[in-house]
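This report describes the fold of a single protein chain. It moves from the chain as a whole to selected elements.

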Amino acid sequence: MRLASLVMVAVVSASCLADEADTEAAWRRLFDSVSGEYRILREAEASDSSELQMAEGPLYVWGRPQQQGSTYGAVYVWTHKGTAEAVACIWRYVNAAGQRAIVHELHSLSSTKLRSVGEFDTWQPRSGVRPQPVPGSAGQAGATAAIRLRQMRAIGRDFALHSISESGDRVELRLLPQPFYRSQSSDAKTLDGALFAFVCSVGTDPEAFLHLKAIQTDHGPQWHWTLARFSHHNLYANYKGRNVWSSERDADNPMSHNADRTYMMISHPFQSSMLEPAPEPIDD
């Protein structure tokens, strides 16, 4: 998730930030505040829509060292009936001049079209996403949560992802073995699920997320997968040695979004005062 000059972002000079405010805790407060302003609706049949619930978070915090100053971010998840339907990363970027920017990256995980409203209404996916069945997993979801977690970890290990930069550099992405979100589904059609992160070779910056779900089918519960891009590099995935997914930059898939807008990277202006702690309430 590295930002290039083609993306227009609001920046604030490092000199504008008080030393005591320029801490991870201060940025975390800002990330929490930004994510809390998102309202994401799930558009179901006809006029029926419902607002997704944000899981208490952030669920994952990451850092990435770089020459001009470290980047730092937090990941948030929105759910429907306990299953992840959207994931976002709110993070800071530091350019070579020491200027900082706040970046929002969002990706739908929902088979239903989503839309954001309210303060941040710029994310308008044109479609939902379609989970793909894991080959050979029909009727294989385990009977207990512990067994299903072992199965999901094993499925995750069978995926191999790598990125290729504009200059041709290839980086193998690393799967974190522990999911950062585990479904608590109240929907009879979804037995279980979890979100895993594939991270870059330096730090713990997530470049892609793997969403696994056990969905009820005519042949019993079957594992399904969805991959969500969180990188401006070209991404490629194979499962057990077979190419199954890619996310390549082109005119329809620029750095800021993909063709159907299920992924989007945006920025939002902020005041340096937002990094300062909220004032303590005054007792009467």
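The sections below cover overall composition, one helix, a loop residue, an enclosed strand and an open sheet.

**Overall composition**

The model is predicted. Its chain contains two helices and 20 strands. Of the 284 residues, 50% are buried. The exposed surface of the chain comes to about 13700 Å², and carbon and sulfur atoms contribute 47% of that area. Among contacts with a separation of 6 or more, 59% are between residues 24 or more positions apart.

**Helix α1**

Helix α1 spans residues 24–36, a run of 13 residues. From the first C-alpha to the last, α1 reaches 18 Å, close to the 18 Å expected at 1.5 Å a residue. The buried residues of α1 are A26, W27, L30, F31, V34 and S35. These residues lie on the same side of α1, because they cover an arc of only 165 degrees around the axis. The elements they pack against are β4 (53–54), β6 (71–80), β7 (83–94) and β8 (100–108).

**A loop residue, F120**

F120 sits in the loop that runs between β9 (114–117) and β10 (132–133). Is F120 buried or exposed? With buried meaning under 20% relative accessible area, F120 counts as buried because its relative accessibility is 5%. A distance to helix α1 can also be given through V34, one of the buried residues of that helix. F120 and V34 are 86 residues apart along the chain, and their C-alpha atoms are separated by 9.1 Å.

**Strand β15 and its partners**

Strand β15 covers residues 190–199, and nine of its 10 residues are buried, so β15 is largely enclosed by the rest of the structure. The pairings of β15 are listed here.

| Partner of β15 | Sense | Bridges | A residue pair |
|---|---|---|---|
| β13 (residues 174–175) | antiparallel | two bridges | R174 in β13, V199 in β15 |
| β14 (residues 181–182) | antiparallel | two bridges | R182 in β14, A194 in β15 |
| β16 (residues 206–217) | antiparallel | nine bridges | F198 in β15, A208 in β16 |

The pairing with β16 is also a hairpin: six residues lie between β15 and β16. Within that turn, G203 has a positive phi of about 75 degrees.

**An open sheet of four strands**

Which strands make up the open sheet, and in what order? The order is β12-β11-β18-β19, and the pairing is antiparallel. Two of these strands, β12 (170–172) and β19 (242–247), stand at the edges. Each edge strand has a single partner, so one side of β12 and one side of β19 are left without a neighbour in the sheet. On average, neighbouring strands of this sheet are turned by 25 degrees against each other, direction ignored.

Strand β11 (residues 159–164) and strand β18 (residues 234–239) run antiparallel and are joined by six bridges. One of the residue pairs here is A160 with N238, the latter being the bridge partner in β18.

**Summary**

Helix α1 has its buried residues on the same side, and those residues pack against strands β4, β6, β7 and β8. The loop residue F120 is buried, and its C-alpha is separated from that of V34 by 9.1 Å. Strand β15 is largely enclosed, with nine of its 10 residues buried, whereas β12 and β19 are edge strands of the open sheet.

Key. Residues numbered from 1 in each chain as written. Predicted model: local features only at pLDDT ≥ 70, side-chain atom pairs only at ≥ 80, totals over all residues. Heavy atoms only, no water. Expected span 1.5 Å × (residues − 1). Buried < 20%, exposed > 50% of the residue type's maximum accessible area, 1.4 Å probe, protein only. Arc of directions from axis to C-beta. Contact = heavy atoms within 4.5 Å. Pairing = 2+ DSSP bridges. Axes fitted to C-alpha atoms, helices over the stretch in contact; angles between N-to-C directions. Areas by Shrake-Rupley, 256 points an atom, 1.4 Å probe, with all protein chains shown as cover.
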